[in-house]
Amino acid sequence: MNFLLEKQNRQYLLFLLGVCTGMTVLLLFSGFRDLSYARELIFVREQQMVSALLQEDVPREQIAAACAGTERTCEGVSFLSQIGHQNSVSLIFFPLLRKGLFHISLRNLFAGILFCGMIFSGAVWYMKKQNCIYEEASDLVEQFAEGDFSGHFSVEQPGALSRLFANVDQLARALKAGYETEYASRTFLKDTISDISHQLKTPLAALSMYTDIILQEPEHPDTVRNFAGKSMQSLLRMEDLIQALLKIVRLDAGNIVFEKEPVLVCELVWEAEEPLLVRAEREKKRIVLEGDPEERLLCDPGWTREALGNLMKNALDHTEEGSIIRICWGRSPVMLRISVEDDGCGILPEDIHHIFKRFYRSRRSSDRQGAGLGLPLAKAIIEGQGGTLSVASTPGEGAVFCLSFLTKT
């Protein structure tokens, strides 16, 4: 009985019930009318018979007795047969019955036509209404097929048709999500290729120039060594740039699975600091570590180490000679935080909301090395492990980058 859940089906069945009820009442009324008409025919026939008997001077008492009689005798039946009054005789020989039959047939024909017309009209109305629903559904499906998902099915009543429309609507939403994902992937790939092409122009141009100089000055060993060193620096920059871009692309695409394990935070920070110690000493800067040596963090050590290294490198890029970079860690009831604090130039208010964008470089960073990928890569690594990376800064007083990881209670 699930079909009764559809509003149109219920309306049509109610219409049929109403029509059948009306026709039943009409037939009952017609039956009573037929009985009344039959009674009139009997009276007319009796009047004809009595009139004929009176004309033959039959006593009135005998006529009254004959009309009141209820017994049917064989002699009477035989006599009527002899004069042609029997069941096998055609109705055309009985004018009164022929006339009555004509009226009854005409009335029944009218009732039948009325009944069929109402049923036919109701069926046409029902089919037209259903056809409108199917046409609208077909138009929507065509829109979905063309990639237009602005419309949707109206599912207001329960029922099989409504469930079908709801499922098609759900399928359309899934297709829309697929289209959006595909579009985002294409846009991401196009932007990534554009970014790589743009960022490689400068080191490639420099490398081409250094190579020309080396080819033109083969008799000057000092010049060759100097520009060969610069060529190597350009190649290393290109390698770092490409590696960083590939890592960001893999992180954005979800192709990296973080292998988490409990590690000592002090070891993690020290391993991230070690490659930068020579540079810090050359630039006369100090990196200070502060925190509980027994504190542990559940993370992917390799990737987290790279994120910390990028933050430390960023601090070295934006501090002057004699500066101190502090790496501190500690635990709250629900968080473990690692902060990278410097006393450099800080971040301008108009820049602080953009520093995690790829290739973004503020006016203060225009004369410093870097391609603007370290901070976006660090943020992607930390957030990929369920953590957060935030920044606070006061221009002229330095900046603090804070890594926060939820810990199990």
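Is Thr304 buried or exposed, and at what relative accessibility? Thr304 counts as buried because its relative accessibility is 0%, where buried means under 20% relative accessible area, exposed over 50% and partly exposed in between, with a 1.4 Å probe and protein chains only. The model is predicted, so that local features need pLDDT of at least 70 and side-chain atom pairs count only at pLDDT 80 or more, while totals for chains, interfaces and linings use all residues. Residues are numbered from 1 along each chain as its sequence is written, and side-chain values use heavy atoms, with hydrogens and water left out.

**View 1. Surroundings of Thr304 in helix 9.** Thr304 belongs to helix 9, residues 301-317; helices (H or I, at least four residues) and strands (E, at least two) are DSSP runs numbered from the N terminus. Its side chain makes a polar contact with the side chain of Gln385 at 3.0 Å, a polar contact being a pair of N or O atoms within 3.5 Å of which, within protein, one must be able to donate a hydrogen and the other to accept it, and residues adjacent in sequence count only if both atoms are side-chain atoms. Leaving aside neighbours within four places in sequence, Thr304 is in contact (heavy atoms within 4.5 Å) with Leu268, Cys299, Ile381 and Gln385.

**View 2. The open sheet and helix 10.** The sheet is open and mixed in its pairing, with 5 strands in the order 2-4-5-7-6, where two strands pair if DSSP finds at least two bridges between them. Strand 2 (286-290) and strand 6 (388-394) stand at the edges, and because each has a single partner strand, one side of each is left without a neighbour in the sheet. Helix 10 (residues 374-384) packs on the sheet, touching strand 6 and strand 7 (398-406), and its direction makes about 140° with that of strand 6; axes are lines fitted to C-alpha atoms, for helices over the stretch in contact, and angles run from 0 to 180 degrees between N-to-C directions.

**View 3. The antiparallel pair of strands 4 and 5.** Strand 4 (residues 324-331) and strand 5 (residues 335-342) run antiparallel and are joined by 6 bridges. Cys328 stands opposite Ser339 in strand 5.

**View 4. Leu308 and its contacts.** Not counting residues up to four places away in sequence, Leu308 touches Leu268, Val269, Ala272, Ile338, Val340 and Leu403.

**View 5. The loop residue Lys284.** Lys284 lies between helix 8 (277-282) and strand 2, in the loop, and is exposed, with a relative accessible area of 54%.
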